[in-house]
Amino acid sequence: MAGWIPAYGSVEEVGSVSQRQVSNNNEHRLRPLAWVGALFGGIGRFLKLMARNKTGFAGFLLFIGFILLTTVGPLFIEEPKSADITAIYSPPSREHILGTDSQGKDIFAQIVNGGADIMQLALLTGVISTFIGVTLGSISAIIGGRLDTFLTTLADVWLTIPRFPLLAVLATLIKLSDMAMLALILAVLGWAGLYRSIRAQVFSLRERDYVEAAVALDLGLPHIIFKEILPNMMSYIAISFTFGMTSAIYAQVGLVFLGLVPLTRNWGVMINLAWTQGAIFFRDSVYFIMAPVTAIALLQLSIVWMSRSLEEIFNPRLRTG
Amino acid sequence: MSDSTVTVTAVSRRPSLGSLLKRIASHFLVQRLAKALFTIWFVTSLTFFLIRLMPSNPVEVYINELILNYGLPYAEARDQAASLFALDLDAPLWKQYLDYMVNLVHGNLGTSLRSPGTTVTSIIVTFLPWTIFSVGLGLVISFTVGVALGMIMAYKRDAFWEPILSGVASTLSAIPNYIIGIVLLVYLGVYWGLVPIHQMRGSRSPGIEPGFTLVFIKDVLFHAALPIATYVLATIGGWMLSMKSSTLSTLGEDYVTVARARGLPERRITTAYVGRNAMLPLVTQLLISIGFIVGGSILIESIFVYQGIGLRLLEALNNRDYPLMQGIFLIITISVVVSNLLADFVYGWLDPRVRVSGGGG
Amino acid sequence: MNERAGVVKGDAVLSVRDLWVDYQAERGTVKAVRGVNLDLYRGESLSLIGESGCGKTTFGLSLVRLLVKAATIRKGEIVYYGDTKPMDILSLSERELRHFRWSECAMVFQSALNAFNPVLRIWDQMYDTVKAHGAMTRDQARQRSLELLRFVQLEPERVIDAYPHELSGGMRQRVLLAMSLLLRPEILILDEPTTALDILTQRTIIELLRRLKQELGFSMIFISHDLSIAAELADRVATMYAGTIVELGDVYDTFYRPAHPYTLGLIRSVPTVTGEFRDLISIPGAPPDLIEPPAGCKFHPRCPYATERCREEEPHLELVPGHDGHYVACFHADQVLRQSVKRMQPND
C-alpha cells in the first residue's frame with residue numbers, strides 16, 4: 001500500500017499534528033483514490049470478460065469506436081457548411097480522407113457528424129423495447145392464465161404483420177421527425193419478438209429446480225427475482241437489447257433512405273442524397289454513397305459481434321473453459 | 001401387466017358430434033387457419049382505424065385538398081372522397097366499418113387517388129405477381145442453398161475452411177438487406193461494370209410479349225436477377241448458421257447413434273435421420289422470415305426500380321394515395337399470413353408429432 | 001447347482017484381448033478402458049457390472065466401434081468367431097463394419113426413449129434396417145417384424161404403423177429389442193436395458209430376455225449397474241472398476257463368494273426386501289480420476305484391506321485357488337473370501 005502514503009511525508013515528520021488528525025486527512029485523501037481504483041478495477045474486469053470471445057471483443061471495440069467517433073468527433077471536426085465547387089466528387093486525398101460529395105463538402109466530416117442521432121436512436125429504442133419485452137414477458141409468464149393467452153395470441157398476430165411497411169405507412173400519418181417519438185413507435189412495433197423470448201425463458205426458469213428450491217426455502221420474492229431469475233435472463237435481455245438496436249438502425253436508415261422521414265443530416269440522409277443525386281452511377285462519386293453505407297454496415301456488425309460476447313458473459317454455460 | 005397390450009386411442013363406438021367437433025378443433029391445422037383468419041381481420045380493422053382516426057385524418061386532408069386545389073364545395077368534395085375511399089362518410093363509424101369489411105370481402109378496395117379511374121385491386125393484381133415471383137424465388141434459393149451449406153458445415157466442422165464460411169455467413173446476416181442491394185448495384189453495376197444495370201431496371205423489357213415463352217422467361221429472370229441476388233445474400237447467412245447448429249445438435253441425438261449401430265448406410269442417415277429432423281426448427285424460422293423479406297421488398301424494389309408491389313407502395317406513400325396505400329399494405333400482410341399458413345402445413349407434414357394435438361398410447 | 005450354471009463352455013464367440021481405450025478431454029487423456037481381457041462363450045449371458053463411469057459402456061461401444069470422435073482404441077484386439085472365418089473387428093473396413101453391426105452383433109442402448117427417428121414410422125425403421133443389410137424381401141421383412149413385435153408382447157398391427165412418440169417408454173424399449181432380433185445376430189449387447197423403466201415394465205423385459213436366452217440361445221452381454229439383473233439373467237459376471245475387470249466368475253461365485261473387495265462392497269450395499277439393515281454397508285469414497293489415476297491398485301483408496309503393496313503395485317486377474325473359472329485381481333482375495341463366506345453363513 002505504499003502508493004497511498006500522502007505526499008507530505010510520514011506521520012513522524014509532521015510532529016505536532018495529532019495522530020488522529022493525520023489519519024483523518026489520510027483517509028480523506030484515500031477515499032477518492034480508492035473509488036477511482038475500484039472503478040478502474042471494475043472496468044478492467046469488464047474488459048477481461050468481454051475479451052473472452054474474440055469476435056465479441058472486436059465488436060465491442062468497434063462499437064466503442066463508433067460511439068467516440070460520433071459523440072466526441074463532432075467536437076473536433078465540424079460539419080462542413082459551405083460548398084466548394086472546385087472540389088466536387090474529388091477522390092480521397094490528404095485533405096479529404098474520404099473525398100468530397102456533390103457540393104465539395106468533405107465526406108469524412110459528414111460521417112463524423114452524421115452518426116450521433118442514429119446511435120442515440122439505437123440506444124433509446126434498445127432500452128425501451130427491452131423494457132417493454134421484459135416487463136410484459138415476465139408478467140405474462142408469472143401470472144399466466146387469461147392474460148398470458150391474450151398477450152401471446154396478440155403477439156403471434158403482431159409478428160405476422162410486416163413491420164417495415166407498417167412503419168412506412170405510419171410515417172405518412174404521424175410526424176416522425178421527433179426522435180423520442182420514433183424510438184417509442186419502433187419499440188412498440190417490435191415488442192412481440194422480445195416478449196416471446198423473455199416469456200419462454202421465464203417459463204422455463206419458473207420450473208427450474210433452483211427456483212423451486214428458493215421458493216421452498218422461502219427466500220423471499222425480491223431475492224428470487226433478482227438473484228435467481230434475473231441473472232439467468234441476462235443473456236436474453238442483452239440479446240434483446242442488441243436486437244432492438246439493430247432493428248432501430250435498420251428502420252431509421254430505411255425510412256430516411258426512402259425519403260419518408262425528414263431528419264437532420266445523418267448517414268441515412270447521406271445515402272438518400274447520394275441516391276437522388278445519382279451519385280451511384282459514377283465511379284468518382286462512389287465514396288459519397290459507400291462511406292455512409294460502410295459506416296452503417298460496420299455499426300450493425302459491431303453490435304451483432306458484441307452481442308456474442310455479451311451472450312457468453314451472461315451465460316456461463318456457453319463459456320468454453 | 002400395464003403395458004402388455006397396446007391401448008387404442010380411437011373410440012370403438014361411433015363418436016358423438018360433440019367429440020368429433022372437438023377433435024377437429026384441436027387439430028393444429030384448424031387452429032392455425034383460425035389464427036390466420038383472425039390476423040387478417042385484425043389487420044384490416046387496424047388499417048381502417050388508422051386511416052380514420054389518425055390525427056391528420058387522410059380523408060379530411062384529401063377533402064381539404066380538393067376544396068383548395070379544385071375549388072369544390074364541401075359537399076361535393078366529401079362525396080368524391082367517399083367514393084374514392086370506398087367509404088360512406090355520413091354513416092356512423094361502425095356502419096362505415098361494416099361497409100368497409102363487406103367491400104373488402106367483395107374485393108373492392110377503393111380507387112387510387114393519383115391515378116383516377118384505376119381501382120386499387122387492379123393495381124395490385126398487376127404488380128403483386130412480380131413481387132411474389134422475386135421474393136419467392138429468392139427465398140427458395142436462399143433456403144435450399146443455405147440449408148445444404150449449413151449441413152455440410154456441420155459435417156465438416158473440422159475442415160480449415162469451415163470457420164471462414166461461418167464468418168462469412170455471420171457477417172452477411174448482420175448487414176441490412178438494402179445495404180447489400182446498394183453494394184451490389186454500386187460495385188457490380190457501376191464500379192466494375194460487370195452488370196448492365198441500366199438495362200436491368202424494371203421488371204421486364206418493353207417490347208417482349210408476356211407469356212410462357214423462353215424469351216420472356218429469360219427476360220424476366222434477367223431483370224429480377226439483382227433483386228433476387230440481394231434477397232438471397234441477405235438471408236442465406238442466417239439459414240447456413242441455423243442449419244449448422246441444428247444439424248450439430250441432431251447429430252448428437254441417440255437415434256443417430258442407434259441408426260449407426262443398426263448398420264444403416266451413411267447416406268440414409270444423413271437424409272432421413274439427420275436432415276429431416278434438423279430442418280424442423282428451421283421451418284419455424286422460415287415463418288418469421290417471410291414477413292421480414294416481404295417487408296423489405298419496398299426497399300429492395302426501389303433500389304433496383306423493380307416494378308413490384310413494394311415500389312408501388314413507395315409511390316403511394318410519397319403521393320399520399322391513401323386507398324392504394326391501405327390496399328397494398330393489406331395485401332402484403334395477407335400474403336405473409338398465407339405463406340405462414342403454408343409453412344405451417346408443410347411443418348405438419350414434416351413432423352408427425354404435431355399433427356393431432358391429442359394422440360398417443 | 002442347477003441347469004443354469006452348466007454353461008456350454010464351448011468355443012468363444014467373441015474374444016477381447018488387452019483392450020485400451022482413451023478419451024481426449026480438456027484436462028487430459030481419460031484412460032477409460034485399461035487392458036481388458038474377456039471372452040464371451042457361445043450361448044452364454046455375461047453381465048458386466050460396475051459404477052457409473054467405470055468404463056463398461058465405453059467397453060460395449062468399442063465392441064461395435066461406435067465410440068465418439070474424441071475416443072480412440074489405443075491398443076488391443078477384438079475377434080469375432082461367427083459362422084465364417086474369425087473377424088478382427090478393429091481392422092474391419094467401413095463397409096464390413098456396417099455389415100457386422102446389427103446382423104452379427106446388435107447393441108441395444110439404454111433408455112430407448114430417443115432411440116427412434118421421430119419422423120418415421122416403426123415399420124419404416126424396421127425396413128430401413130433390413131434394407132441396409134439386404135437380408136430379406138419386403139414381405140419377408142414385414143412378416144418377421146410382426147412376428148418379433150408379437151414376441152415382445154406388443155400388438156403387432158397397431159405398433160408397426162405407429163410413430164415413436166405414440167408409444168410409451170416401455171413399449172419403445174420392447175420395439176428396440178424386437179428390432180435387434182430382426183437379423184438374427186449372434187451376439188446381443190444390452191446397455192442398461194432396464195434402467196429408466198418402471199418396475200412392471202422391467203419385469204416384462206427381464207422375462208423376455210430370459211426367454212431369448214433359454215429358447216433362442218443368443219450370446220448376450222448385459223451392461224448394468226443394477227445387480228439384480230445380473231443375478232437373474234447372467235451365467236457369468238464380470239465386475240469392472242476404473243476401466244479394468246477386477247473380478248470374473250460364474251454368477252454364484254460372484255454373489256455368494258466374491259473375492260474382490262469392490263464386488264463384496266457392491267453386494268453388501270444393495271438392500272434386499274428381507275435383508276437386515278445392519279448388513280447394509282456402502283463403499284466410502286468416489287471412483288478414481290481416470291486422467292490421473294492413483295498408483296497401484298485403483299481401488300486402494302476405498303479399500304478396507306489395502307496394504308502398502310496395494311498402493312504400489314496393480315494386481316492382475318488371477319485364478320482363485322479352488323474355484324474353477326473364478327478370477328480376481330486382488331492381493332488379498334483370500335481375506336475377502338473369508339469375509340464373504342462369513343457373511344453368507346447366517347442366511348445360507
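Author: Two strands pair if DSSP finds at least two bridges between them. Keep that cut-off handy for chain C, and bear in mind that this is a predicted model.

Reader: What makes strand 1 and strand 4 of chain C a pair, and in which sense do they run?

Author: The count is 8 bridges between strand 1 and strand 4 of chain C. The cut-off is at least two, so the two strands pair, and they run antiparallel. For a spot to look at, find C:Leu14, which stands opposite C:Tyr80 in strand 4 of chain C.

Reader: How do you know that strand 1 (residues 12-24) of chain C pairs with strand 2 of chain C?

Author: By the same kind of count: 10 bridges, in the antiparallel sense. The rule asks for at least two, so they pair. C:Val16 has C:Leu38 as its bridge partner, and C:Asp22 has C:Lys31. Strands 1 and 2 of chain C form a hairpin, with 4 residues between them.

Reader: Why are strand 2 (29-41) and strand 5 (87-88) of chain C said to stand at the edges?

Author: Look at the strand order first: this open sheet of 4 strands in chain C runs 2-1-4-5, with antiparallel pairing. Strand 2 and strand 5 each have a single partner strand, so each is left with one side that has no neighbour in the sheet.

Reader: Which strands of chain C does helix 1 (residues 56-63) lie across?

Author: Helix 1 of chain C lies across strand 1, strand 2 and strand 4 (71-80), and it runs at about 65° to strand 2.

Reader: What is the strand order of the open sheet of 8 strands in chain C?

Author: That one goes 6-7-8-3-9-10-12-11, with mixed pairing. Strand 6 (105-108) and strand 11 (318-319) of chain C are the edge strands here, since each has a single partner strand.

Reader: How do you know that strand 7 (residues 187-191) and strand 8 (residues 219-224) of chain C pair, and is the sense parallel or antiparallel?

Author: There are 5 bridges between them, in the parallel sense. The cut-off of at least two is met, so this counts as a pair. Within it, C:Ile189 stands opposite C:Ile221 of strand 8.

Reader: Why is helix 10 (residues 261-268) of chain C called largely enclosed?

Author: A residue is buried if 20 or more other C-beta atoms lie within 10 Å of its own. In helix 10 of chain C, 6 of the 8 residues are buried, so the rest of the structure largely encloses the helix. Those residues are C:Pro261, C:Tyr262, C:Thr263, C:Leu264, C:Leu266 and C:Ile267.

Reader: What makes helix 5 (residues 107-114) of chain A largely enclosed?

Author: The same reasoning works there: 7 of the 8 residues are buried, so the surroundings largely enclose this helix. Among them are A:Ile107, A:Gln110 and A:Asn113.

Reader: How do you know whether A:Pro262 is buried or exposed?

Author: Count its neighbours: A:Pro262 has 11 other C-beta atoms within 10 Å. Exposed means 12 or fewer, so A:Pro262 is exposed. The residue lies in the loop between helix 12 (221-257) and helix 13 (267-276) of chain A. A:Lys175 is 87 residues apart from A:Pro262 in sequence, yet their C-alpha atoms are 9.1 Å apart.

Reader: On to chain B. What are its elements?

Author: Chain B has 14 helices and 0 strands. Buried residues are 38% of its 361 residues.

Reader: At what angle do helix 6 (residues 120-155) and helix 10 (residues 214-251) of chain B pack?

Author: About 35°, with the axes 6 Å apart. The crossing is right-handed. By class, their contact has 24 nonpolar, 8 polar and 1 charged residues.

Reader: How many residues does the contact take from chain B and from chain A?

Author: Chain B gives 39 residues and chain A gives 31. Elements of chain B that give two or more residues include helix 2 (28-53), helix 12 (266-304) and helix 14 (322-350). The chain B side divides into 28 nonpolar, 9 polar and 2 charged residues.

Reader: Which residues touch the most other members of the largest nonpolar core?

Author: A:Ala168, A:Ile289, B:Ile328 and C:Phe222, in a core of 249 residues. Leaving out residues up to four places away in sequence, B:Ile328 touches B:Ile124, B:Ile309, B:Arg312, B:Leu313 and B:Ala316.

How values were computed
Residues are numbered from 1 along each chain as its sequence is written. Chains are lettered from A and ligands numbered from 1 in the order in which they are written. This is a predicted model: local features need pLDDT of at least 70, side-chain atom pairs count only at pLDDT 80 or more; totals for chains, interfaces and linings use all residues. Two residues are in contact if their C-beta atoms, placed from the backbone, lie within 7 Å. Ala, Val, Leu, Ile, Met, Phe, Trp, Tyr, Cys and Pro count as nonpolar, Asp, Glu, Lys and Arg as charged, and the others, Gly among them, as polar. A nonpolar core is a set of buried Ala, Val, Leu, Ile, Met, Phe, Trp, Tyr and Cys residues joined through C-beta atoms within 7 Å. Axes are lines fitted to C-alpha atoms, for helices over the stretch in contact, and angles run from 0 to 180 degrees between N-to-C directions. A crossing is left-handed if the near helix is turned anticlockwise from the far one by less than a right angle, and right-handed if clockwise.
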